[in-house]
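Trainee: I'm new to this one. Could you walk me through it and tell me what the terms rest on?

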Amino acid sequence: MAKIQRRSLKMKPIVAIVGRSNVGKSTLFNRLIGSRRSVVENQPGVTRDRVVADSVISGRDVTLIDTGGMTFGDAGDDIEMQVRLAVKEADAIVALFDVVDGCLAADHQLVRFLKRSGKPAVYVVNKVDSEKRARNLVDFYELGVDFIPISAEHGIGIGDATETLLPMLPNASEQDALEVDESIRFAILGRPNVGKSTLVNSVLGYERVMVSADPGTTRDVIDTNFVRNGRRYQIIDTAGIRRRSRVETRIERYSGYASIRAIEHANLICLVLDAREGVTEQDQRILSLAIDRGRGVIIVMNKIDLVTKLELEQRLSDCRQTFAYAAFAPVLTLSALRRTGLEDLFRTISMVNQNWRRELTTTQLNQIVAAAYEAHPPKLGKNHRQIKLYFAAQQGSCPPKIIVKCNAPGQLPASYRRYLERAIRNAVALDGVPIRLRFTRDIKGQTP
Ligand code: GDP
């Protein structure tokens, strides 16, 4: 019987920014995520559609959602729906108004809706960056709520807004925590139509009956437990979400809420792609959110029965290039419909799960770090000081967290950190899992 690790993974509260279009939701969102740009945004040419990002607000980890970045095809700019969804899924809301437009009927509606919902909300009037504009704030008293004047663009009042928001978030201790038991929990994620439901059915070996949620239930992630070759698995699936209405379903599928919840509940995720299509921003966003949360990741290219060998090779090479920042993620090819490649999928899931829980011995780690250091010591730091690494040890698993003691961690270039991570990965197979490598300052000690 596998060793049971009882640990818990903390969930991050979700904060949604809502309001009419052009009130400045994206500007505020960018201001709040600050320098923590998601990987998606570092891609050249990608400037729009930043919808979800992890951030730290006054020391609290949160997931921020900018509802304004979403467009829903023929559903149009249906604010009602965005807000309804935000209120259902988020732990707290930031409601944004625009001092230039003044207080409009839609703003009254929004306030009424939020008040009725009972969800904690901070009301913020944006674009207040001059005395003249500040005079228009009186308009907003008729909303009957306390509001905070800010300028997202100029960074005015942001502190006041976050100070007000912070106490509204669930206490870290009250929040759901995920118990890490021995079961292998994996989530099937990806864009609509890539074949998630088909894959889930193939994996389970039967057509999973759609769970029809009671009216009012808000479950957006469905778990199914099963046993295979004596191992317990739990498949976490966003595809099986019961469709309440066509519009809502579409929004829900694109919104990312379901993906975040699924990532939170999983040990590892399988990001499903369609072999006929390229990797999209949404795929990248999902992968970076999973990596950021320290979950194992596997990329699954589905529908290979529909492409030629040559096309598949091209897709795989594009995929590798786009996901260069996650080179540790295994890439599998399969056909969910024809049920080919499923054995390989299970083997990989089990391997990544094992790596995720991996505990390296201190001796082993120090040997790896010492060998890497000898082969390539870091360049001299400030004042021609030799940067030394003293000692390495694992400080936790799920995913592996490794600390390395160093006389001048601040001077260690990012390239050297990457080099050490590569050295560790080359020495011990850690495919599919992000490693948390941290350097702490230590002035004396032994060289590993
Ligand atoms: P989901 O929205 O990601 O859950 O996608 P579905 O599982 O509903 O699949 C979308 C469509 O792709 C359906 O018509 C499936 O039959 C088809 N599909 C899924 N996997 C495969 C595959 O491996 N090969 C082929 N040819 N079609 C597939």
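Mentor: We'll take the helices, the sheets, the ligand and a few backbone details in turn. The model is predicted, so local features need pLDDT of at least 70 and side-chain atom pairs count only at pLDDT 80 or more, while totals for chains, interfaces and linings use all residues. Residues are numbered from 1 along each chain as its sequence is written, and side-chain values use heavy atoms, with hydrogens and water left out.

Trainee: Why are α6 and α11 called roughly perpendicular?

Mentor: Helix α6 (residues 196–204) and helix α11 (residues 342–356) pack at about 85°, with axes 11 Å apart. Axes are lines fitted to C-alpha atoms, for helices over the stretch in contact, and angles run from 0 to 180 degrees between N-to-C directions. Angles of 65 to 115 degrees count as roughly perpendicular, under 35 as roughly parallel, over 145 as roughly antiparallel and the rest as oblique. Therefore α6 and α11 are roughly perpendicular to each other. Helices here are DSSP runs of H or I with at least four residues, strands are runs of E with at least two, and both are numbered from the N terminus.

Trainee: Which residues make the contact of α6 with α11?

Mentor: Leu-199, Ser-202 and Val-203 come from α6, and Leu-342, Leu-345 and Phe-346 from α11; contact means heavy atoms within 4.5 Å. They divide into 5 nonpolar, 1 polar and no charged. Ala, Val, Leu, Ile, Met, Phe, Trp, Tyr, Cys and Pro count as nonpolar, Asp, Glu, Lys and Arg as charged, and the others, Gly among them, as polar.

Trainee: What makes β15 and β17 edge strands?

Mentor: Each pairs on one side only. The open sheet has 3 strands in the order β15-β16-β17, with mixed pairing, and its twist averages 25° from one strand to the next.

Trainee: How do you know that β16 pairs with β17?

Mentor: Two strands pair if DSSP finds at least two bridges between them. Strand β16 (residues 401–406) is joined to β17 by 6 bridges, and the two run parallel. One of the bridge partners is Arg-436 in β17, matched with Lys-401. Helix α12 (residues 362–375) packs on this sheet, touching β15 and β16, and points at about 140° to β15.

Trainee: What is the strand order in the sheet of 6 strands?

Mentor: That open sheet runs β3-β4-β2-β5-β6-β7, again with mixed pairing. Its edge strands are β3 (52–57) and β7 (147–149). Strands β2 (residues 14–18) and β4 (residues 60–66) run parallel, joined by 4 bridges, and Ile-14 has Thr-63 as its bridge partner in β4. Helix α3 (residues 105–117) packs on the sheet, touching β2, β5 and β6, at about 165° to the direction of β5.

Trainee: Which residues come nearest to the ligand?

Mentor: Asn-193, Lys-196, Ser-197, Thr-198 and Asp-305, out of 17 around it; a residue is near if one of its heavy atoms lies within 4 Å.

Trainee: What distance separates a ligand oxygen from the side chain of Lys-303?

Mentor: An N or O atom of that Lys-303 side chain is 3.0 Å from a ligand oxygen. A backbone N or O atom of Leu-337 lies 3.2 Å from one.

Trainee: What makes the bond between Cys-398 and Pro-399 stand apart?

Mentor: That peptide bond is cis, with omega about 0°, and Pro-399 sits in the loop between β15 and β16. Most peptide bonds are trans. Asn-193 has a positive phi, near 75°.

Methods
A polar contact is a pair of N or O atoms within 3.5 Å; within protein, one must be able to donate a hydrogen and the other to accept it, and residues adjacent in sequence count only if both atoms are side-chain atoms.
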